[in-house]
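Me: I would like to understand how the descriptive terms applied to a model like this one are arrived at. Could we go through them one by one?

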Amino acid sequence: MAEIVTYADEIPEGAQVPEVVEGRLTWPAKSPRELSTDVPEKIRGLFVESSRAEDVGAYRLAGAGYRATVEEICKDQGAQGNNLFAKIKDLGTRGVIAQDLADAFDEARYLGNDSLHDGLAYAPDEVADVAELIQEATEVLYVQPADRARMRQARSTRRAAHKAAQQGP
């Protein structure tokens, strides 16, 4: 175990000091990865649970959870097919997602399948990469359209207020 060095004279009296156990920061707790509130709750929930598994080193469980997240995205987007591979392909064929997003979803599918069916544990950075691919995909599918809708509404409201002000009482 690594030696833990503290500089007690540099810590102000009464300051809270993180507790370190086996070289791991246990306080404050690391926040899990999260998705925007523009993403449907069921998808966000699966993603956060998967992130928590990733944070504690349960990479096979995280892989299964990230795969489940992609499956829920496919369901939310109305994908058709008998399995996740077919659903991802359907979204790409119908133009719901671009090929790069289909590839990202396939990476999550492989990660989950390998973790569940083959007991393959991917490296932490490989699991993190899939999580980031899912985050990017939700930006395109949910966040950007919601941002555009909010901006469109803001312009419409501004336009209406301006016209009302020009017409006077």
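**Reasoning from values to terms**

Reply: In this predicted model, helix α2 (residues 59-76) packs with helix α4 (residues 99-117) at an angle of about 135 degrees, and their axes are 7 Å apart.

Me: Why are α2 and α4 called oblique to each other?

Reply: Roughly perpendicular covers 65 to 115 degrees and roughly antiparallel begins over 145, whereas the angle here is about 135 degrees; α2 and α4 are therefore oblique. The crossing in which α2 passes α4 is left-handed. On the α2 side the contact includes Y59, R60 and G63, and on the α4 side F105, A108 and R109 are among the residues involved. By class, this contact of α2 with α4 has 9 nonpolar, 4 polar and 3 charged residues.

Me: What makes S50 count as buried or exposed?

Reply: S50, which has its place in helix α1 (residues 41-55), has a relative accessible area of 3%, and because buried means under 20%, S50 is buried. Leaving aside neighbours within four places in sequence, S50 is in contact with A62, G65, Y66 and T69, while a polar atom of the S50 side chain lies 2.7 Å from the backbone oxygen of L46.

Me: Why is R94 called partly exposed?

Reply: R94, found in the loop between α3 (84-93) and α4, has a relative accessible area of 43%; since buried means under 20% and exposed over 50%, R94 is therefore partly exposed.

Me: How do you know that the side chain of R94 reaches the backbone oxygen of G78?

Reply: The distance is 3.1 Å, and a polar contact requires N or O atoms within 3.5 Å.

Technical notes
Residues are numbered from 1 along each chain as its sequence is written. This is a predicted model: local features need pLDDT of at least 70, side-chain atom pairs count only at pLDDT 80 or more; totals for chains, interfaces and linings use all residues. Side-chain values use heavy atoms; hydrogens and water are left out. Axes are lines fitted to C-alpha atoms, for helices over the stretch in contact, and angles run from 0 to 180 degrees between N-to-C directions. Helices (H or I, at least four residues) and strands (E, at least two) are DSSP runs, numbered from the N terminus. Angles under 35 degrees count as roughly parallel, over 145 as roughly antiparallel, 65 to 115 as roughly perpendicular and the rest as oblique. A crossing is left-handed if the near helix is turned anticlockwise from the far one by less than a right angle, and right-handed if clockwise. Contact means heavy atoms within 4.5 Å. Ala, Val, Leu, Ile, Met, Phe, Trp, Tyr, Cys and Pro count as nonpolar, Asp, Glu, Lys and Arg as charged, and the others, Gly among them, as polar. Buried means under 20% relative accessible area, exposed over 50%, partly exposed in between (1.4 Å probe, protein chains only). A polar contact is a pair of N or O atoms within 3.5 Å; within protein, one must be able to donate a hydrogen and the other to accept it, and residues adjacent in sequence count only if both atoms are side-chain atoms.
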